[in-house]
Amino acid sequence: MRILLLALSICFASVFSLTAQTTFHTNGVNDERPGIYALTGVTLHVDYKTVIEDATLLIKDGKIAQAGKTVTLPKGVIVYDLAGYHIYPSFIELQSEYGIAPLKRSDSHWDGPQMETNKKGAYGWNQAVKPETSALNLFKVNNKDASSLRQIGFGMVLTHQNDGIVRGSGTLVSTASSKDNEVIIKGEASAHYSFSKGTSTQDYPGSLMGVIALLKQTYLDAKWYASQKNPKEYNISLEAWNKLQNLPQIMDAKGILNALRADLLGDAFGVQYILLGNGTEYQRLADLKATNATVIVPVDFPKPFDVEDPFDALNVSFTEMKHWELAPANAYFLQKESIPFVLTADGLEDKGKFLEMVYKTLQHGLTEADALKALTTTPAQLLGVSDVAGSLEQGKWANFLVTNGPVFDKETQIIENWVQGKRYTINPKNAEDLSGKYKLTVGTQSYIIEVKGDAVKPKFTLKANEADTNAIKVSFDKKDKLVTLTYSLTNDSTKVTRLSGLMEDKKWSGKGELPGGKWVNWTATYTSAIPDTSKPADTEATQPVIFSTEDIIYPFVAFGSPTLPKPQTILVKNVTVWTNTDKGIVKDVDVLLKGGKIAQVGSNIPTAGVDKVIDGKGKHLTNGIIDEHSHIAISAGVNEWTEASSAEVSIADVVNSEDINIYRQLSGGVTTAQLLHGSANPIGGQSALVKLRWGYTPEQMKVADMPKFIKFALGENVKQSNWGEDNTIRFPQTRMGVEQVFIDHFTQARAYEAAWKAYNGLSSKLKASATAPRRDLEMEALVEILNSERFISCHSYVQSEITMLMRVAEQFGFKINTFTHILEGYKVADKMLKHGVFASTFADWWAYKMEVQDAIPYNAALLSMVGVITAINSDDAEMGRRLNQEAAKSVKYGGMTEEEAWKMVTLNPAKMLHLDKNLGTVEPGKDADVVLWSENPLSVYAKVEYTIIDGIIFYSQEQDEQLRKTLATERNRLIQEMLNAKNGGAPTQRPVKKVQKLWHCDDLEGLGELSGGHAGHGH
């Protein structure tokens, strides 16, 4: 007997093996059974490139036991004959908050400045940096959401708390409706970051450049913290941060320029981010490819705008129209350029339309194989779980879809979604098609029932005659063949007929009760199909819509072009040249531009080898205008206003190459600009020096080896004079406090430099046992100032403060480079000359706030007379287009010569920006940054005919006229496409005019949020 039992035991084990074990106890009889299933006769898509016809998939204990054509079925297996059906790996979602309660920020009121974190405990100093957040600890199965995810094909989800700049770790879970412990596939699966503060109420950072600086500093702090031998603090956040670094790093970039910024950040610290996009990735394909990043691509394509009203159409920008057209091709463009990507349902208002949107990407060129790869193989590889997910191979989780056709076909339905070996029915595969017309007889009355729609969710209409329509509620119990019908032929809800009966194919019958209480017999008999009265299929519309990269313009705004302008050899003949040298203004000469430089200035230069000859007769050629003080082309905040010193932030991190003001200022002859931080704090952020290379990327716009600059500020803005009575917390609040900020920070910088000099002076042996000082980006910038390696452009108005800052600089052994605005400069011009500082002023702005009440239009001329090198700047996007006219005002106010006035927007700012080696004069060897004017550039009638940078034509009147025609034609075409889409039944969105933010010195908006309810528009 014992031998028999042993034999039976071995036999049982060979068939079923031991069921999955668990640490959880069972209350009662344990009835967990081994799941052994065989799905036979299927078209098996093992992965995105391997298909096996007439295959069998064997499932055992939630895993794939075997897959292929020759599978041996064990005893006790449950067999499902699925001949004619397809099986695919279930999808993997990489962007989700599934199972995690979202945090919400209260915007009901503002409680004033919050300088420090309000999070209690031994955490880091910034509330938006939360690496300690663990999705694993927060996750709870949500059966409703799990069901929704299964219905659109997902079997695994990477979930994390979608809040903050550093969001902590994500966890990979299945979409099974099981215990929390059973669905977790990988507990610590990923690390998450973003450029958004989320629910953090702490002021810092208040701008995108502040976010990037905070991330940079956190990388440095974490490395320093890890190196500590005897740390003085225990920091939960930095401990967690360091643990995250070995996980896949996912950055929520949400925008192509942010994606490029994220990659630069990652490169600085040896990190390769996975980039979460927003659908605009196609707009900079070559640059995105160079990042080597994988992109998480949403399919939440914009709806067409309702542009039937021509005035409404004016509220839709060309960028919005063009993006509407090209957005569905985003994944195709990435596929074509071999940029790895995954697809996500994130961002869809109705996630139930996910497969419909994926189908739309296929209609715009994406292949089915690449779509499947993006939902299975690639996400599994990114998370390092290819051994358990992403394909249907032995030993992997039994996560798969059963479909009644190719998974991405428009008419295909997901029949079942198996998750961890558990079967979830999505659409019953044996659903009977009930569509057609039925004759309904109730007692002595006859009606028509029309049934339309698919077999799973048919739609019913009751008609007393052909023209009649009444709602009828029909419900089925198809298992027991039961049917109930409820309807009313009047608007009286009390007069309802209720019928109940049995279904036999397409004949239903039973008994029912009329509104008066009388019982009757009823039948419903199929009579005919319903004729298809819809419009004939438009064969053209069903064909894939394939775009090419020539449909993409650079930048992706109005006046962008499908190709970037290239360098040319250009000869301008017989032109009047404003040389800005001792030669002065020279008439009837030729200027040759070659290799990006001014090659020759002279007479009768031959045309051999020249790409373009321009007749300059009667015209004037000058250097390109240089704007010393500009705020154009900056993304998400011009001020990091939240602290008295933000020396760590940099405008160079947030240059916006898509700003239309670049093109507008090219049309005004501007070729170079210093993009300055605002004036909301005494020590602002670092500058960016750019050439206005329209169509190029932010990095390509930056001046090569640009000198280092930083913005300082004095006066009303920095002491928050006009910010309201709530802003009395941030130091300084007075002008004397402003001085103390400078002294305190430079004193700290000296100590910081001394600490590093002491450490670097140690022998190798001593250095090995010592701890390096903590790197501090703010202090490093200030040390550069002390060592005259970084130059200050200081916002200034009042003579007392101007004098104060020069004395502070002299106290610490350096010079102020430039006082900008400097409207009381004429009062202290002698002191400025002695100090050696430049002046960059307005031509005739005054009386726009209290501290400029002594401003005069003679300021520039008086400063120049004393010997202070003076420039005229814009500080305004609109004025930047007319700096030639601003320069001319000093001829009127002060009697300056035309040449000296012109130097104030060309040579003098070149000197201020330490660019005069390459810019500022028209002579051989200098950069070919020139402008051809229709007449004297100081004239109000002068127009720019050509703006050339590095020998490349970035603006010309001829090109502008052609671009305007092209733009008008394209807008009209896109409007017609949107009208066609609306007429074809597509849902539309209402046009809402978006007004571009033009930054000014004390604007406090950033990160898409209002900072404390303040928005300044002063200077």
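This is a short talk about one predicted protein model, from its overall build down to a few single residues.

Okay, some ground rules. The model is predicted, so local features need pLDDT of at least 70, side-chain atom pairs count only at pLDDT 80 or more, and totals for chains, interfaces and linings use all residues. Residues are numbered from 1 along each chain as its sequence is written, and side-chain values use heavy atoms, with hydrogens and water left out.

Let's start with the whole thing. The C-alpha trace spans about 110 × 75 × 65 Å along its principal axes. The protein has 27 helices and 41 strands; helices (H or I, at least four residues) and strands (E, at least two) are DSSP runs, numbered from the N terminus. Of the 1019 residues, 55% are buried. Buried means under 20% relative accessible area, exposed means over 50%, and partly exposed is in between, with a 1.4 Å probe and protein chains only. As for contacts, meaning heavy atoms within 4.5 Å, take those with a separation of 6 or more: 67% of them come from residues 24 or more positions apart.

Now, helix packing. Two packed helices are described by the angle between their axes and the distance between the axes. At what angle do helix 5 and helix 6 pack? Helix 5 (residues 208–227) and helix 6 (residues 236–244) pack at about 95 degrees, with their axes 9 Å apart. The axes are lines fitted to C-alpha atoms, for helices over the stretch in contact, and the angles run from 0 to 180 degrees between N-to-C directions. Helix 5 and helix 6 are therefore roughly perpendicular. The cut-offs here: under 35 degrees is roughly parallel, over 145 roughly antiparallel, 65 to 115 roughly perpendicular, and the rest oblique. Residues making this contact include Leu-215, Tyr-219 and Ala-222 of helix 5, and Leu-238 and Trp-241 of helix 6.

Two of those names come back in a ring cluster. Tyr-193, Tyr-219, Trp-241, Phe-269 and Tyr-273 form one aromatic cluster. And how many aromatic pairs are in the whole structure? A search finds 35. Rings of Phe, Tyr and Trp (its six-membered ring) pair if their centres lie within 6.5 Å; planes under 30 degrees apart are stacked, over 60 edge-to-face, and the rest tilted.

Here's one pair: Tyr-98 and Phe-139 are edge-to-face, 5.6 Å centre to centre with 65 degrees between the planes. The two residues are 41 residues apart, with Tyr-98 in the loop between strand 6 and helix 2 and Phe-139 in the loop between helix 2 and helix 3. Tyr-98 is buried at 4%, and Phe-139 is buried at 5%.

Here's another: Tyr-282 and Phe-556, also edge-to-face, at 5.5 Å and 85 degrees. This pair links parts of the chain 274 residues apart. Tyr-282 is buried at 0% relative accessibility, and Phe-556 is buried at 2%.

Some rings have a charge over them instead. That needs NZ of Lys or CZ of Arg within 6 Å of the ring centre and within 35 degrees of the ring normal. Arg-150 lies over the face of Tyr-424, 3.8 Å from the ring centre, and Lys-767 lies over Tyr-759 at 5.2 Å.

Next, helix 20. Is it mostly buried or exposed? Nine of its ten residues (777–786) are buried, so helix 20 is largely enclosed by the rest of the structure. Those buried residues include Leu-777, Met-779 and two glutamates, Glu-778 and Glu-784. Among the elements covering them are helix 5, which we met earlier, helix 18 and strand 35.

Last, three single residues. Asn-884 is in helix 24 (residues 883–892) and is buried at 3%. Leaving out residues up to four places away in sequence, Asn-884 touches Ile-625, Trp-902 and Trp-933, among others.

Trp-397 sits in the loop between helix 14 and strand 14 and is partly exposed at 22%. Beyond its neighbours within four places, its contacts include Gly-62, Met-156 and Gln-420.

And Pro-531, in the loop between strand 24 and helix 15, is exposed at 56%. Pro-531 and Gly-436 are 95 residues apart in sequence, but 8.9 Å apart in space, C-alpha to C-alpha.

That's it from me, thanks!
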